[in-house]
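Reader: I keep meeting words like "buried" and "edge-to-face". Could you walk me through them on a real example?
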Amino acid sequence: MTRETRAILALVAAAFLFGATFVVVKSALDTMGPLSFIAWRFGLGGLLLAAFGLPRDRAVWRDGTLAGIALFAGYALQTAGLQFTSASNSALITGLYVVITPLLVAAFARRAPSRWILLAAALAFGGVVLLTGVDDLSLRIGDLLTVGCAIAFAFHIYALGLFAPRHRLIPFTTVQIAVTTVLSIIGAALFEPGAGIPDRSAWAAIAITAVGVTVGAFLLQIWAQTVVGAATAAVVLSAEPAFGVATGWVVLGERLSPAGWVGAGLIVAAIYLVVTRQEDDVSRDAEAVTPAH
């Protein structure tokens with residue numbers, strides 16, 4: 001087996017771990033609040049990741065804090081949304097950050113997005129309408145929160161495009177995870193009083209997401225991208241929503257309606273279109289660094 005093949009398999013494993021997160025988190029939310037879960041998950045993941053590289057200079061803390069605020073917003077909205085929508089919907093709608101990011105980059109650069117991005121945005125919009133089963137262009141609260149999550153993740157990727165080249169990757173990411181942890185603790189204290197120590201049943205989900213995803217899948221992604229490059233990595237990682245739907249089907253027994261399957265297909269097609277046909281160099285650079293799930 002060649003090194004490139006091993007790298008592709010590592011990316012497939014990372015995409016699966018990222019996608020399976022939705023089922024694991026949804027199950028954990030039966031016993032604890034979303035902000036408490038994020039605090040414990042990222043707190044544990046941050047301690048483990050810090051072992052690979054501690055942030056030491058002021059600049060990495062400044063830039064990492066700005067990116068960390070967007071990361072916290074994304075996970076807070078995603079986890080809150082999972083209380084009110086299915087794991088399948090959450091996985092697919094979260095994947096819209098791939099489509100939203102180049103639109104955001106084009107807006108900040110004050111230039112029109114490419115025709116491929118506009119086509120992908122139209123496909124994604126139609127996919128969300130079909131997936132969520134709405135006929136009046138309104139979304140259920142869980143789906144609406146998850147759309148907000150995708151927008152926040154797009155801002156996070158934009159921030160990474162600006163700041164990541166200035167710093168070593170692991171210390172920079174450690175700061176973001178630390179910021180997410182602190183903001184989650186503050187939020188839990190304000191909105192989830194009396195949360196305390198998680199129930200025994202939630203610890204498996206905390207461990208899986210902290211060790212298996214925030215650290216394990218992230219490191220798989222870092223290594224694989226050094227072998228096959230960001231473009232190939234982006235294509236493989238775009239399978240994440242499909243894995244999210246599959247695990248929701250197998251573990252939670254979630255089923256999409258016929259219209260939902262068409263919507264899911266449109267969303268996946270939009271994501272694939274962006275990562276394979278992106279013509280804007282700045283947008284492509286921004287997409288090369290995906291958020292730490």
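Author: Sure, let's start with Phe42, which is buried at a relative accessible area of 1%. One thing first: this is a predicted model, where local features need pLDDT of at least 70, side-chain atom pairs count only at pLDDT 80 or more, and totals for chains, interfaces and linings use all residues. Residues are numbered from 1 along each chain as its sequence is written, and side-chain values use heavy atoms, leaving out hydrogens and water.

Reader: Why is Phe42 called buried?

Author: Buried means under 20% relative accessible area, exposed means over 50%, and partly exposed is in between (1.4 Å probe, protein chains only). Phe42 has 1%, so buried it is. Tyr75, with 2%, counts as buried too.

Reader: What makes Phe42 and Tyr75 an edge-to-face pair?

Author: Rings of Phe, Tyr and Trp (its six-membered ring) pair if their centres lie within 6.5 Å; planes under 30 degrees apart are stacked, over 60 edge-to-face, and the rest tilted. Here the centres are 4.9 Å apart and the planes make 65°, so both tests are passed. Phe42 sits in helix 2 (residues 34–50) and Tyr75 in helix 3 (residues 58–81), so the pair ties together parts 33 residues apart in sequence. Those helices are DSSP runs (H or I, at least four residues), numbered from the N terminus.

Reader: Which aromatic cluster do Phe42 and Tyr75 belong to?

Author: One formed by Phe42, Tyr75, Tyr97 and Phe153.

Reader: And why is Phe243 called partly exposed?

Author: Its relative accessible area is 25%, which falls between the two cut-offs, so partly exposed fits. Phe16, at 37%, also counts as partly exposed.

Conventions
Helices (H or I, at least four residues) and strands (E, at least two) are DSSP runs, numbered from the N terminus.
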